[in-house]
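Biologist: Let us go through the charged pairs and the surface. I will ask what stands behind each label.

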Amino acid sequence: MSTSSWLALLIWVITAGAIVTLDGWVTLGNLALMLVLGSTLASYWMTASASVLASAVAVALFNWFLVTPRYTFHVQLDQDLLLLATLLGTSTLISMLTSRLRRHAQDQSEHARQAERLQQLGSRLQHASSVIEQVQAAHDLLHEWTGMPVTLWLGHAAPEPIHSLYRAWQASQQEQGAVGPGTGRHADLNALVVPLRAGVMRIGTFALGPTDNGEVWNRWPIERVQALARLIADEVHRLQSSLQAREAQDRLQAQQLRNTLLAAISHDYRTPLATITGAASSLQVNNNDAGVQTALRTILEETEHLHRMTSNTLQMARLDTLEAPLHFSWESVEELCGVVLASTRRRHPERQIEAIVPTDLPLLHCDPVLVVQLLDNLIENALRYSPSHQIVGLHVRLEDGCVQFDVLDRGIGIPDAWRDKVFDPFRRVLPEMRGDTSFADSARRGMGLGLALCRAIANAHHARLWIEAREGGGTVICLRFTSQEQPTAPVEEIE
């Protein structure tokens, strides 16, 4: 028996003892009033049906032991029948009203506790600085309140198939709603699984259980659990949106500051570089001294290197900010490769470059200046990281209707973990392990913008750029343009 049942029984025992003790000292009407009082007090601790039944039994015993003739159920119609009927009706009515009042008080108390829980949970979630802290706070509070295991899955997270809640989670996904005890769906489950919805968007799943104690669901019905789940979903979604907006704002500010700085530096470098190049070229023509010629060649080479770095930086700023539109036109792949090879030959007359460019390739719809710069950076990178006696290749082919450029070298290679990182700005392959040089006769210089610019140009053309390992050592950088519908030549009318 529960504590409430024992209290009700104790009240009835005290009432019965008082009536027996006062029998013969007070009138039958006063004893009946004591019975009504005992019934009223006991009904507060009993259910309505149990209270009505107890009152009926008490009236019957009152009639048996106290109403003349005693120890029978006969009553005097003119004196005691009305008393017993009134006693039974009054006890029954008071018992029902008292039980209803008790239930109402319990409901109000439970509503107050639920409101307090929601307020406490909301406060903890609002003060959390990350989603992980929110999930941990929700887990700790719900576990403390319910005494059951609590599990939350956010986003596309899911339990393993061997997890005890996998079947319940899967059922919730299929039903697109709550499943488990009290939901009318999959009532055989020993856990309650509720979607976490912020508005109409499902941001995760919340599970209470499993538990073998079926009575716990009387204290935690589906409506109460769904209220907690809605609060968790709203607060998690609010924090996620706030963090995403803050990150986007920080990225935008950093990007704007970087682009402004890069553009300013690039423009400020161009004028002095042009002046240095012009002066060194003039001196090279008018001075025949061997030492001076060597110094002038060094100046021109270094100026060319600075010019390349400046051009890469300016193009990165331009592509990031999209200040100027791209100038697309239909270009011949042979001509693009010819421009790149001529520029490379001028800078590296001693290096060997193998070019395989078929003559029947389709035209490319592209910005020729950017594509030439992309290919030029790839070949320059291959030459810089390959020994001077090795051949660098530029192979072009048609692959599934797409034009693909392959730049091949015999350099130090790129580890698998770095094949995507090298396309990030200011990232270079393992500088802390390899130092700042690759081969003794090839200085390894630069800011790490070359490949980043290549990726930006490829993205602007909706092309794919990736890295593969070359058989026998080295690297292959692949650039593939999507298949393009070729332009039709205008038909000239013959007069």
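Modeller: Start with a network: salt bridges link Arg347, Asp376 and Glu380. This is a predicted model, where local features need pLDDT of at least 70, side-chain atom pairs count only at pLDDT 80 or more, and totals for chains, interfaces and linings use all residues. Residues are numbered from 1 along each chain as its sequence is written, and side-chain values use heavy atoms, with hydrogens and water left out.

Biologist: What makes the contact of Glu235 and Arg238 a salt bridge?

Modeller: The term requires a side-chain nitrogen of Lys or Arg within 4 Å of a carboxyl oxygen of Asp or Glu. For Glu235 and Arg238 the N to O value is 2.9 Å, so the pair meets the definition. Both lie in helix H8 (residues 222-286), three residues apart, about one turn of the helix. Helices are DSSP runs (H or I, at least four residues), as are strands (E, at least two), numbered from the N terminus.

Biologist: Why is Glu235 called buried, and Arg238 partly exposed?

Modeller: Buried means under 20% relative accessible area, exposed over 50%, partly exposed in between (1.4 Å probe, protein chains only). Glu235 has 9%, so it counts as buried. Arg238 has 37%, so it counts as partly exposed.

Biologist: What makes Glu399 and Arg397 a salt bridge, and why is Glu399 called partly exposed?

Modeller: Their side chains meet at 3.1 Å, N to O. Glu399 has 26% relative accessibility, so it counts as partly exposed. Arg397 is also partly exposed, at 34%.

Biologist: How many salt bridges does a search of the whole structure find?

Modeller: Nine.
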